[in-house]
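The following exercises ask the reader to work through a protein structure step by step. Each task is followed by a worked solution.

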Amino acid sequence: FKAGAKHRFRVLGGGNGSGKSFSGAYELALHMTGEYPDWWEGYRYKKAIKCWVICESGSLWRDSMQQTLLGAVGEEFGTGLIRKDLLEDTKSMPGVPGAIGQILAKHKSGGVSSVTVKTFEMGRNQIQAATLDLIVFDEEPPNEIYAECILRTRGVEGVREPGRVMMLFTPLKGLSEVVMRYLPNGRFPPNGTHPDHPDRYAIAVTWELHHYRDWE
């Protein structure tokens, strides 16, 4: 979280069930609402944002990050990380029962933030013609989709700051072109920061086992 204050592009890589998607959803909820905790040292948006979440499929989004943000499918939304009183509206995702394609939430500044969900299945043509404040990749995208999305964050000089990017993924595709953008020589940088691209930061989340007495 803290690295977001200095780095536009961040990667959180690790195994399934290690908390990557929850971490991304938590930060996304803070940015959408502007309600940051006192301890927050990461980047802060002072006004409502326009964001995309890019994921493998609508069903995976529905069963993972959507539930974390909104609450369980089939129940009244507002029991997730975005409180009910801050939810402005939701719009269904065509063709995917129970999936939400857009979330609108009230920002502390008085504006309304929007999160639109895009999937790898939609292809490159569906991720053009937008200028965004934030993009969250829930799993590693194909390189052509990643490259097109990065263009959406370039900002407008004197009008809009460049956007920021979070990528949360399990490295199932090996040392792909996307992964190698963040891991010099195929390894996570010792301090997280890419030595040749200081705007990029990558860290691994791992499982660590502790004996019960360590928690006492």
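## Exercise 1: A salt bridge and its surroundings

Task: State which residue forms a salt bridge with K84, and determine whether each partner is buried, partly exposed or exposed.

Solution. The model is a predicted one. Step 1: E76 and K84 form a salt bridge, and their closest N and O atoms lie 2.5 Å apart. A salt bridge requires a side-chain nitrogen of Lys or Arg within 4 Å of a carboxyl oxygen of Asp or Glu, so this pair qualifies. Step 2: E76 has a relative accessible area of 54% and is exposed. K84, with a relative accessible area of 48%, is partly exposed.

## Exercise 2: Confidence in the model

Task: Find what the average pLDDT of the chain is, and where the pLDDT is below 50.

Solution. Step 1: The average pLDDT of the chain is 87, and 90% of the residues score at least 70. Step 2: The pLDDT is below 50 over residues 210–216. Apart from near neighbours in sequence, this stretch has 1 contact in the model.

## Exercise 3: Helix α1

Task: Check whether the length of α1 agrees or disagrees with the expected span, then establish how many of its residues are buried.

Solution. Step 1: α1 has 14 residues, and at 1.5 Å a residue these should span 20 Å. Step 2: The end C-alpha atoms of α1 are 20 Å apart, which agrees with the expected span. Step 3: Of the 14 residues, 11 are buried, so α1 is largely enclosed by the rest of the structure. Among the buried residues are G24, A25, L28 and A29, together with K20 and E27. Step 4: Just after α1 comes G34, which takes a positive phi of about 75°.

## Exercise 4: The nonpolar cores

Task: Identify which residues touch the most other members of the largest nonpolar core, and which element gives the most to it.

Solution. Step 1: The largest nonpolar core has 34 residues, and W61, L69, I82 and I103 touch the most other members. Step 2: Elements that give two or more residues to this core include α1 (20–33), α3 (65–70), β4 (100–106) and β5 (112–119). Step 3: α1 gives the most, with 5 residues. Step 4: I82 touches A29, M32, L69, L87, I103 and A105, leaving aside residues up to four places away in sequence. Step 5: There is also a second, separate core of 21 residues, which includes I145, Y146, F169 and V178.

## Exercise 5: Further salt bridges

Task: Explain which parts of the chain the salt bridge between R83 and E35 ties together, and determine whether E148 and R152 are buried or exposed.

Solution. Step 1: The whole structure contains 7 salt bridges. In one of them, the closest N and O atoms of R83 and E35 are 2.7 Å apart. Step 2: R83 lies in the loop between α3 and β3 (87–92), whereas E35 lies in the loop between α1 and β2, so the pair ties together parts that are 48 residues apart in sequence. Step 3: R83 is partly exposed at 38% relative accessible area, and E35 is partly exposed at 35%. Step 4: E35, R83 and D85 are linked in a network of salt bridges. Step 5: E148 and R152 also meet in a salt bridge, at 2.7 Å from N to O. Here E148 is buried, with a relative accessible area of 5%, and R152 is buried, with 8%.

## Exercise 6: The surroundings of T116

Task: Determine which side chain makes a polar contact with the side chain of T116.

Solution. Step 1: T116 is located in strand β5 and counts as buried at 18% relative accessibility, because the limit for buried is under 20%. Step 2: T116 touches C51, W52, V53, G101 and Q102, not counting residues up to four places away in sequence. Step 3: The polar contact is with the side chain of Q102, at 3.1 Å.

## Exercise 7: Positive phi values

Task: Compare E139 and N185 by phi, location and exposure.

Solution. Step 1: Most residues other than glycine have a negative phi. Step 2: E139 has a positive phi, near 95°, and N185 has a positive phi of about 60°. Step 3: E139 lies in the loop between β6 and α4 (143–151), while N185 lies in the loop between α5 (177–180) and β8 (200–205). Step 4: E139 counts as buried at 18% relative accessibility, whereas N185 is exposed at 74% relative accessible area.

Notes: Residues are numbered from 1 along each chain as its sequence is written. This is a predicted model: local features need pLDDT of at least 70, side-chain atom pairs count only at pLDDT 80 or more; totals for chains, interfaces and linings use all residues. Side-chain values use heavy atoms; hydrogens and water are left out. pLDDT is the predictor's confidence in each residue, from 0 to 100. Contact means heavy atoms within 4.5 Å. A nonpolar core is a set of buried Ala, Val, Leu, Ile, Met, Phe, Trp, Tyr and Cys residues joined through side-chain atoms within 4.5 Å. Buried means under 20% relative accessible area, exposed over 50%, partly exposed in between (1.4 Å probe, protein chains only). Helices (H or I, at least four residues) and strands (E, at least two) are DSSP runs, numbered from the N terminus. The expected span of a helix is 1.5 Å times one less than its number of residues. A polar contact is a pair of N or O atoms within 3.5 Å; within protein, one must be able to donate a hydrogen and the other to accept it, and residues adjacent in sequence count only if both atoms are side-chain atoms.
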